[in-house]
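Reader: I'm new to this one. Could you walk me through a single part of it up close, say the aromatic pairs?

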Amino acid sequence: MKENLSVYITNSHATHTCRIYPQILAGVRLEKDKKTNTYKSAVQLVTPYDENYIQSLDELCKEFLFTKALKNHVVNEHLCPFIQVLLLVASARLPDVFTKKFKKVMKYSGLFSLNLQEDDLITRYLGSYAHPVATYFAELLVEVMPGANFAKFLNTHILSECSLSLDSNDSNPVTVADILMSNQTASRVLRAVIRRLVKPVDIKNFFTVIQSCKCNKFGIRSIIPNKQHGILTDLADLCIRHPSEEFQRTFLRMLPSIFGFTEKHSSSKSREDLFIRCLVGMITLSELNEHITNQSVQEKDNNDDNQYFDNKEDLVNPVTVPGCLFVEVYLNSLMLILLK
């Protein structure tokens, strides 16, 4: 296997077996998420097959991970899964070397630098985040990122402002996080960042930054139109992992604008009902109003035809699975605060 690995690794059939090789070699058992079929960052250490696994693993890393060729590896659909496995195994079995070489891994991957060849500013910032293959490596890289590297990555990259306008005095700043929210593929990396947030100061800073974007095309206001429901669930889960009344109130204040409610909407019982229906339906207020209007027209037509129409069931429609999951997680986070 070792001698022919470079040949096997590019074969569409043999590459599946190659992913097992580093795990057996270094005694690291990986698991995949049953829903997404992606590798989990948590690993289980077992007895290594190779007594000299440190040397063998180090050689593998030099050839495939700690190399300038990594930029090509992470966009290769056959090779990238093997690189992901190697990344997890190296972080578990070579922690000191991995931490020392991590900056090179980020640099060589080419995932986090601007693509200056792109004329379109949005594409320039999205870069490989939106690549259908590389995004899985980027997501995993965030999950195994050493603490110091993550703190720097969060503040100098994810929460940094983007120059999307020629007007240097633009009062509506847009950050990398805001752009990632608007893209279905790139949002995977942002969700990994949210799951990594631990320090209260980082969580507070993250909430502050994403609230500042008033653009409908990017940021939190683009979540529902672009169907990035998982981001909301991850934010609610963040409030469970770090139950704080301050974070809860911050998140609660964000929700109305995310679903299209403005300050002019009065705080009445009808508004609360509409808000709840938006949450479970994962739709904006304008979409819900359109749905209600269509139902009213249908009811009128049925009455004209002397047909019985019971609209009680429609009071809980539309309902979506993502909406129900979000409400469940969010209610759990609220309960933690109430029980404190």
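**A close look at the aromatic pairs**

Author: Sure, and keep in mind that this is a predicted model. To set the scene, 45% of the 340 residues in the chain are buried. The chain's secondary structure comes to 18 helices and four strands. Take the contacts between residues at least 6 apart in sequence: 69% of them join residues at least 24 apart.

Now for the rings. The structure has eleven aromatic pairs. One of them brings together phenylalanine 112 and phenylalanine 153, edge-to-face, with 5.1 Å centre to centre and 75° between the planes. These two come from distant parts of the chain, 41 residues apart: phenylalanine 112 sits in the loop between α7 (95-109) and α8 (121-126), while phenylalanine 153 belongs to helix α10 (residues 147-158). Phenylalanine 112 counts as buried because its relative accessibility is 13%, under the 20% cut-off. Phenylalanine 153 is buried too, at 4%.

Another pair, phenylalanine 207 with phenylalanine 247, is tilted: 6.2 Å centre to centre, with 45° between the planes. Here too the pair links distant parts of the chain, with phenylalanine 207 in helix α13 (residues 200-211) and phenylalanine 247 in helix α15 (residues 245-258), 40 residues apart. Phenylalanine 207 has a relative accessibility of 1%, so it counts as buried; phenylalanine 247 is buried as well, at 6%.

That tilted pair has company: ring pairs link Phe207, Phe247, Phe251, Phe326 and Tyr330 into a cluster.

Methods:
Residues numbered from 1 in each chain as written. Predicted model: local features only at pLDDT ≥ 70, side-chain atom pairs only at ≥ 80, totals over all residues. Heavy atoms only, no water. Buried < 20%, exposed > 50% of the residue type's maximum accessible area, 1.4 Å probe, protein only. Contact = heavy atoms within 4.5 Å. Phe/Tyr/Trp six-rings, centres within 6.5 Å; stacked < 30°, edge-to-face > 60°.
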